[in-house]
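Visitor: I am new to this structure. Please walk me through it.

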Amino acid sequence: MNLRRLAILAILGAAAASLNGCNRPLFPENLPSSQYSRYNQLHGQQQSARQTGANGEDQPDLRERLRPLDQP
């Protein structure tokens, strides 16, 4: 009987811990996403991360981020 109570308490504890959630984002916006973006930022070659789409929504600027650095 004690083993059963212990198992139930362990399950309830795991459920409570999983419902807690995250307090802060995993990848903050103000930190560079990789060592390459940090290098570009330090050398003044930053690329914009976001753009306004055709319908006015904010979306990732993939073309700018994937553009080779030697192209203007």
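Visitor: This is a predicted model. Which element of the protein has the highest mean pLDDT, and which the lowest?
Guide: pLDDT is the predictor's confidence in each residue. Among the elements, α3 has the lowest mean, 75. The highest mean, 85, belongs to helix α1, residues 2-19.

Visitor: What is the mean pLDDT of the protein?
Guide: Of its residues, 92% reach 70 or more. The mean for the protein is 78.

Visitor: In what order do the elements run from the N terminus?
Guide: Start with the parts: the protein has three helices and two strands. From the N terminus on, the order is α-α-β-β-α.

Visitor: Why does the protein count as more spread out than a compact globule?
Guide: For 72 residues the globule rule gives 11 Å. The C-alpha trace spans about 70 × 35 × 20 Å along its principal axes. The protein is more spread out than a compact globule because its radius of gyration is well over the rule's value, at 23 Å.

Visitor: What span should α1 have, and how far apart are its end C-alpha atoms?
Guide: α1 has 18 residues, and the rule is 1.5 Å a residue. The expected span is therefore 26 Å. The end C-alpha atoms agree with that, being apart by 26 Å.

Visitor: How many residues of α1 are buried?
Guide: Buried means under 20% relative accessible area. Across the protein, buried residues make up 4% of the 72 residues. α1 is hardly covered, and its count of buried residues is zero.

Visitor: Is Arg5 buried or exposed?
Guide: Arg5 lies in helix α1. The cut-off for exposed is over 50%. Arg5 has 53% relative accessibility, so the residue counts as exposed.

Visitor: What distance separates the C-alpha atoms of Arg5 and Pro68?
Guide: Along the chain, Arg5 and Pro68 are 63 residues apart. In space, their C-alpha atoms are separated by 61 Å.

Visitor: Which element gives the largest share of the lining of the largest pocket?
Guide: About 700 Å³ of space lies in this pocket. Of its 20 lining residues, the closest to the centre are Pro32, Ser33, Ser37, Ala49 and Arg65. Two elements give two or more residues to the lining: α3 (62-66) and α2 (35-42). The largest share, four residues, comes from α2.

Visitor: How many residues of that lining are charged?
Guide: Sort the lining of the largest pocket by class: nine residues are polar and eight are nonpolar. The charged residues number three.

Notes: Residues numbered from 1 in each chain as written. Predicted model: local features only at pLDDT ≥ 70, side-chain atom pairs only at ≥ 80, totals over all residues. Heavy atoms only, no water. 1 Å grid on protein atoms, 1.4 Å probe; cavity = no way out; pocket = protein on both sides within 12 Å on 5 of 7 lines; lining within 4 Å. Points joined across faces, edges and corners; volume = space filled by probe spheres on them. Nonpolar A, V, L, I, M, F, W, Y, C, P; charged D, E, K, R; others polar. pLDDT = per-residue confidence, 0-100. Expected span 1.5 Å × (residues − 1). Buried < 20%, exposed > 50% of the residue type's maximum accessible area, 1.4 Å probe, protein only. Rg over C-alpha atoms; globule rule 2.2 N^0.38 Å.
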